[in-house]
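I opened this notebook to record what I looked up, one topic at a time. The entries follow the order in which I worked.

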Amino acid sequence: MQSASDPELLFVSKEPDVGYLQETYRRTKSDLGEWIDRRQRDYDTRNCLWSGKSDDFKKHTNLSETGEVFPFDGASDQEVRLVDETINCMVSMSLNAVRRAHIVATPVESDDMERANVISSFIRWLVNSRMEEFYDQVELGLNHLYEKGMMVHYVYWESQDLKQQQSIKLEEIAQAMPQIAQVIQDGSMDNELSSALKEQFNVSKTKARAMLREMRKDGETTVPVTRRVINQPRIKALAPDEDVFWPSYTIDPQEAPYCFHVINMTPEQLRAKINTEGWDEEFVDSAIELSQRGESDTPINNLRLQEEVLRDDDDTIRIVYCYQRLLDEDGIPGIYCTILHDRVPEMYAKHQLLDYSHGKYPFVVSTYEKTSKRLYHSRSVSELGEGPQNILKIEEDASIDRQSLATMPPLEHPLGRAPTKWGPGVRIPYRTPGEYRFADTPRYDGGSMEVRRYVKEQLDRYIGRNAPGVDRVEAQMKQQRNIDKVFQHLKYVIDQVYTLYQQYGPDTEYFRVTGMQDAQKFSKGRPGERFDFYMQFDAATQDPEQMLERVKTVAELGGMLDKNGTLDTEKLLQLTVGQILPGASEKILLPKETATQKAMEEERQTIAELVAGVPPNVRENDAHEMKLQVFQQWLQQPDIQQKAQQDPAMQERIQTYMQQRQMQIQQKQNAQIGRLGAAPTQFGQTGG
């Protein structure tokens with residue numbers, strides 16, 4: 001095994017030792033062989049894959065490696081997706097928390113306080129609007145975390161240029177620059193104009209002259225123009241057992257001496273890299289030729305890698321990005337990237353210093369559990385659930401086999417005299433009664449259901465799922481632990497995203513701040529400006545009953561302890577509805593001003609009906625105080641008082657209406673007195 005103290009893994013050189021890096025890559029994967037095998041087993045457990053599995057979910061001797069099956073040929077061999085169900089539930093819970101979380105930026109320095117809110121809004125806009133892949137890649141990473149025990153996200157800046165045909169019309173030139181259009185038409189300055197077009201659009205002198213001729217003849221011409229169509233940060237979830245590898249002894253991935261990132265590319269993608277990223281053309285040709293040949297001239301002594309080469313039956317080419325933390329001649333560390341192929345000898349595509357200003361490997365890594373300081377010592381949900389799933393499968397298969405034997409038991413018959421047919425209504429001749437009979441069937445086992453229930457409950461308790469038999473507080477703590485781990489991971493992802501934006505993003509970015517009508521100008525800030533990012537979410541908000549209990553408790557405490565009116569009940573109601581019915585608070589809750597206006601309009605309508613002779617009825621849940629105040633203001637008008645005195649029926653309707661309103665207000669006060677034990681003291685009154 002290579003040592004981290006080897007010169008090739010310590011000091012940078014102008015030309016990398018490709019052979020040494022290839023051998024290091026192979027050795028790294030070989031050292032991780034047992035861990036990779038365990039991850040393959042996790043995949044098989046989650047997807048219910050095993051040797052001899054048949055399409056009809058029965059055991060067959062011809063599919064068995066030994067030629068034997070237990071308990072009999074045709075026995076049940078059902079799928080039991082306990083692990084898959086558990087992982088899907090955990091992924092859904094975590095992804096729901098991520099989508100509903102509130103991203104917050106906190107300043108590292110005190111003078112950045114004013115920009116913190118702007119940065120928070122910008123990051124939310126960047127994640128939700130620009131980075132379309134963000135939540136998809138987070139979901140894929142969460143599946144890796146729970147299935148494989150590790151989540152890795154690759155954070156990078158993507159710039160992509162695309163050539164497009166741009167039309168140049170003589171008419172438009174004439175409107176903007178009439179003199180230039182005139183010389184194009186008369187051809188008096190073709191040499192000067194063709195030189196200008198050559199410099200402007202980076203075309204040949206011949207192409208520039210052809211453009212002038214086309215404009216004179218057709219009135220317009222076209223020219224290929226390179227435009228930057230993608231220029232933004234990206235994240236990509238990597239499978240830890242296929243796409244990225246660290247040394248087996250790694251503790252902190254950011255402190256590892258090297259790591260390998262494997263990408264499968266098509267021949268077309270490789271050739272495009274020659275022009276877009278300056279890859280070595282000879283290396284690209286050799287890699288494509290090797291893939292087309294289908295075999296390697298380089299001997300591989302490792303059996304695992306030989307099997308891997310044989311499995312590469314698609315048209316992609318495996319390219320290895322080797323990231324190394326190396327020292328230069330001045331002893332200053334840096335991260336260098338060498339792009340190579342694991343079977344193309346002595347050649348590489350590119351070797352350069354990674355210029356990301358954050359100075360880290362472009363990977364964020366988290367493990368499902370932390371029972372050891374070593375990175376590769378984490379277990380997975382698949383590993384933890386494999387045993388319980390196997391128990392449930394045994395119970396399920398046994399139950400089906402028992403039912404099959406009870407439905408059609410084995411038939412006992414005299415030796416050499418098997419019946420030609422057997423079934424309902426079939427007549428079987430016999431000499432001695434009892435010659436043909438069913439064998440004894442297995443007894444019904446009522447404990448099987450209890451075993452299944454117990455096994456599932458044990459896994460739910462171990463993982464922390466809300467399920468029957470699981471303590472809610474214990475489950476909530478474990479769920480919050482998983483969510484906090486995911487948020488801690490995304491904190492570092494967002495930090496790298498923001499740092500890359502500061503380095504490569506446009507000088508200004510326009511975004512819309514929530515609740516604002518006009519876009520605000522956003523400045524990237526100085527390069528050294530730092531913010532800490534975190535995400536807020538409470539696992540209890542996913543339990544509507546618990547949220548309702550919390551709100552009731554807060555409301556009761558507010559009624560007893562909120563002496564200064566600091567509790568905003570409207571915001572409390574909005575928060576409650578938003579948690580119980582996500583996205584519904586904006587639809588069913590009116591703003592305070594709108595609600596007031598609505599109450600006043602309803603009261604005016606009630607007054608109009610009362611004057612017209614319709615006796616009004618008061619609703620139980622209503623803005624009684626506000627509506628009674630509006631009604632009394634209307635009643636105090638001289639003309640209304642005079643009209644009421646002249647109309648006894650109207651006066652009776654008014655009295656009935658006011659009694660109903662006052663009764664509702666009194667009942668509300670009685671409820672408050674019941675909580676306080678006495679009537680609330682009004683402002684200006686003494687306690688006695």
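**Entry 1: The chain as a whole**

I began with the contacts in the protein chain that have a separation of 6 or more, and found that 69% of them join residues 24 or more positions apart. I note here that the model is predicted. I then looked up the secondary structure and recorded 22 helices and 14 strands in the protein chain. The protein chain has 688 residues, of which 40% are buried.

**Entry 2: An open sheet**

I next followed a sheet of five strands, which is open and runs in the order β4-β5-β6-β7-β8 with antiparallel pairing. Its edge strands are β4, at 244–245, and β8, at 350–353, and each of them pairs on one side only. I looked more closely at one edge: β4 pairs with β5, residues 258–265, in the antiparallel sense, over two bridges. Which residue of β5 is the bridge partner of Phe245? I found Phe260 in that place.

In general, the side chains of a regular strand alternate between the two faces of the sheet.

**Entry 3: Strands β2 and β9**

I turned to β2, residues 150–169, and found an antiparallel pairing with β9 over five bridges. Within this pairing, Tyr154 has Phe363 of β9 as its bridge partner. Strand β9 covers residues 363–367 and is mostly covered, with four of its five residues buried.

**Entry 4: Helices α3 and α13**

Two packed helices are described by the angle between their axes and by the distance between the axes. I therefore looked up both values for α3, residues 82–100, and α13, residues 381–407: the axes come within 8 Å and cross at roughly 140 degrees. The angle makes α3 oblique to α13, because only angles over 145 degrees count as roughly antiparallel. By class, I recorded seven nonpolar, four polar and two charged residues in the contact of α3 with α13. The residues of α3 in this contact include Leu82, Ile87 and Met90, and those of α13 include Val381, Pro388 and Leu392.

**Entry 5: Cysteines**

A disulfide is a covalent bond between the sulfur atoms of two cysteines. How many disulfides does a search of the whole structure find? The count is zero. I checked Cys322 as an example: the closest cysteine sulfur is that of Cys259, at 7.6 Å, which is too far for a bond because a disulfide requires the two sulfur atoms to be within 2.5 Å. Cys322 is buried, at 1% relative accessibility. Cys89, by contrast, is partly exposed, with a relative accessible area of 33%.

**Entry 6: The loop between α2 and α3**

I then examined the backbone between α2 and α3. Pro71 lies in this loop, after α2 at 33–46. What is the form of the peptide bond from Phe70 to Pro71? I recorded it as cis, with omega near 0 degrees.

Cys48 is also in the loop between α2 and α3. Its phi is near 55 degrees, a positive value in a residue other than glycine. Phe57, in the loop between α2 and α3, likewise has a positive phi near 55 degrees. Is Cys48 buried or exposed? Cys48 is buried, because its relative accessible area of 2% is under 20%. Phe57 counts as partly exposed, at 29% relative accessibility.

**Entry 7: Asp440**

Last, I looked up Asp440, which lies in the loop between β11 (437–438) and α14 (447–463). Asp440 is exposed, with a relative accessible area of 70%. From C-alpha to C-alpha, Asp440 and Ala406 are 8.8 Å apart in space, while 34 residues separate them in sequence.

Technical notes
Residues numbered from 1 in each chain as written. Predicted model: local features only at pLDDT ≥ 70, side-chain atom pairs only at ≥ 80, totals over all residues. Heavy atoms only, no water. Pairing = 2+ DSSP bridges. Buried < 20%, exposed > 50% of the residue type's maximum accessible area, 1.4 Å probe, protein only. Axes fitted to C-alpha atoms, helices over the stretch in contact; angles between N-to-C directions. Parallel < 35°, antiparallel > 145°, perpendicular 65-115°, else oblique. Contact = heavy atoms within 4.5 Å. Nonpolar A, V, L, I, M, F, W, Y, C, P; charged D, E, K, R; others polar.
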